[in-house]
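I opened the notebook to record what holds this chain together on the inside and where its charges pair up. The entries follow the order in which I looked things up.

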Amino acid sequence: MRLDLPARGGVFELDTVLKRDTFSTIERGFWRDAAGNRFPAVRRNYAGVKWWVKPLARHFARREARALVRAEGSGHTVPVYALEEGHLVRGFVDGIPLQIAKPRGDLAYFASARKGLREVHRRNIAHNDLAKPQNWLYAADGRAVLMDFQLAMVFTRRSKAFRVAAYEDIRHFLKQKRSYCPEALTAREKKILARKSLFTRVWMKTGKRVYNFVTRRLLNYHDTEGRGPRAMEQGPRIASTLSEVAGVRAVHICDFPTAGHSFGLYAFVEAREGVSEDAMRAHLAAHLPDVLPPEHLQAVRMLPRDGTGAVRDDLLRLVALNQLDQLSLLPRGPQEEEALAAIVRDRRNLSDRVRGGI
């Protein structure tokens, strides 16, 4: 694949690691260009992946770079700063993923998302991975930004294949809209939602099974929606063990990047007054000696819950990351605000190394 990137000499300055998976490590930092200007940036680093994964990781990086270069100027994607053997450096957007933002009733956001997708399609790009809410970013200024173009396809013309792929992009966009603004769906949009393309129907019955077998069974890759493997694997065990402590009513585990380029766990524990954090840590040490305890453990009077009683994971994840400026983007009622305010005042992670966005 031939890829012509604009000449943008510079260097990436690492700040912290956001996440790791089989194919790459996502790192947050700054791009310092040849003139000395600094821009917030993200590096997809695949230099250290296993040798038999590297050709695929390289392919994904080049594919993403090619699409982002073509999409530049759309207003709903990020620029590419560098593509070299082992890494891709692209721009950073201050915002939060859709599954955290949950923009219920936010018609302006979905109008922005539709405009952004239209701009991408206008450049003959099909994203091909918009079913994932984490690939839709809710930027701090309220606009939608499309992320993660590793599976994107760039077409030379608006062929039948492009139109099918673009149709599926639109259908997946409408699935996100249906999740948060179902009342705003038009009759035509409902019709699109109900009708998968022939290619997709065939793919679901054949190719996707092979894809899932290769990625999940052979490569041990799982889509964790931004959570690290430690939170997915150890978090439930820690939460269950903490729940055994007398006076503990509920436990919620979040993860966050640490200065050591790894990931820590933050346990929010809803407990009666008098239940000490030292006692909870002692219980963990006695009953889970093989598991590293959470770096932060905070006893709280009450966890923020929505109208159904479900814990507000979106709010707690931002507290765990110390991204307090992003909390204003998330709606909440008086009881949620009361619970959240008490947690924020006594929060344990005070690091400012990660400011949000992706």
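## Cysteines, rings, core and charges

**Entry 1, cysteines.** I began with Cys-254, which has a relative accessible area of 0% and is therefore buried. I then looked up Cys-181, and this residue too is buried, its relative accessible area being 0%. I keep in mind throughout that the model is a predicted one. A search for disulfides gave a count of zero, taking a pair of cysteine sulfur atoms within 2.5 Å as the cut-off.

**Entry 2, aromatic pairs.** I searched the whole structure for aromatic pairs and found ten. For Tyr-109 and Tyr-138 I noted ring centres 4.9 Å apart and planes at 15°, so I entered the pair as stacked. Tyr-109 belongs to helix 3 (residues 107-122) and Tyr-138 to strand 8 (residues 136-139), so this pair ties together parts that are 29 residues apart in sequence. I checked the exposure of both tyrosines, and Tyr-109 and Tyr-138 are both buried. I next took Tyr-266 and Phe-268, whose ring centres lie 4.1 Å apart with the planes at 15°, so that pair is stacked as well. Tyr-266 has 0% relative accessibility and counts as buried, and Phe-268, at 0% relative accessibility, also counts as buried.

**Entry 3, a cluster of rings.** I asked which residues join Tyr-109 and Tyr-138 in one aromatic cluster. The cluster is formed by these two tyrosines together with Phe-110, Trp-136, Phe-173 and Tyr-180.

**Entry 4, charges over a ring.** I turned to Phe-30 and found the charged end of Arg-38 over its ring, 4.1 Å from the centre. Arg-28 also lies over the face of Phe-30, at 5.7 Å from the ring centre.

**Entry 5, nonpolar cores.** I looked up the largest nonpolar core, which has 64 residues, and noted that Tyr-109, Ile-125, Trp-136, Phe-149 and Phe-268 touch the most other members. Helix 1 (residues 54-71) supplies the largest share of this core, seven residues. Another core, of 18 residues, lies apart from it and includes Ala-231, Ala-239, Leu-284 and Leu-288. I followed Phe-149 further, leaving aside its neighbours within four places in sequence, and listed contacts with Arg-63, Glu-64, Ala-67, Leu-68, Thr-77, Val-120, Ile-125 and His-127.

**Entry 6, salt bridges.** I counted 23 salt bridges in the structure. In one of them Glu-13 is paired with Arg-32, with the closest N and O atoms 2.5 Å apart. This pair links distant parts of the chain, since Glu-13 is in strand 1 (residues 10-20) and Arg-32 in strand 2 (residues 25-33), 19 residues apart. Glu-13 counts as partly exposed at 23% relative accessibility, and Arg-32 is partly exposed with a relative accessible area of 31%.

I also entered the salt bridge of Glu-119 with Arg-123, where the closest N and O atoms are 3.0 Å apart; Glu-119 is buried, with a relative accessible area of 14%. Glu-189 forms a salt bridge with Lys-177, and here the closest N and O atoms are 3.1 Å apart. Glu-189 lies in helix 5 (residues 187-194) and Lys-177 in helix 4 (residues 160-180), so the pair ties together parts that are twelve residues apart in sequence. Glu-189 counts as buried at 17% relative accessibility, and Lys-177 counts as buried at 11%. My last note concerns Arg-44, Glu-64, Arg-90 and Asp-148, which are joined into one network by salt bridges that share partners.

Methods
Residues numbered from 1 in each chain as written. Predicted model: local features only at pLDDT ≥ 70, side-chain atom pairs only at ≥ 80, totals over all residues. Heavy atoms only, no water. Phe/Tyr/Trp six-rings, centres within 6.5 Å; stacked < 30°, edge-to-face > 60°. Helix = DSSP H or I, 4+ residues; strand = E, 2+ residues; numbered from the N terminus. Buried < 20%, exposed > 50% of the residue type's maximum accessible area, 1.4 Å probe, protein only. Lys NZ or Arg CZ within 6 Å of the ring centre and 35° of its normal. Core = buried A, V, L, I, M, F, W, Y, C linked by side-chain atoms within 4.5 Å. Contact = heavy atoms within 4.5 Å. Salt bridge = Lys/Arg side-chain N within 4 Å of Asp/Glu carboxyl O.
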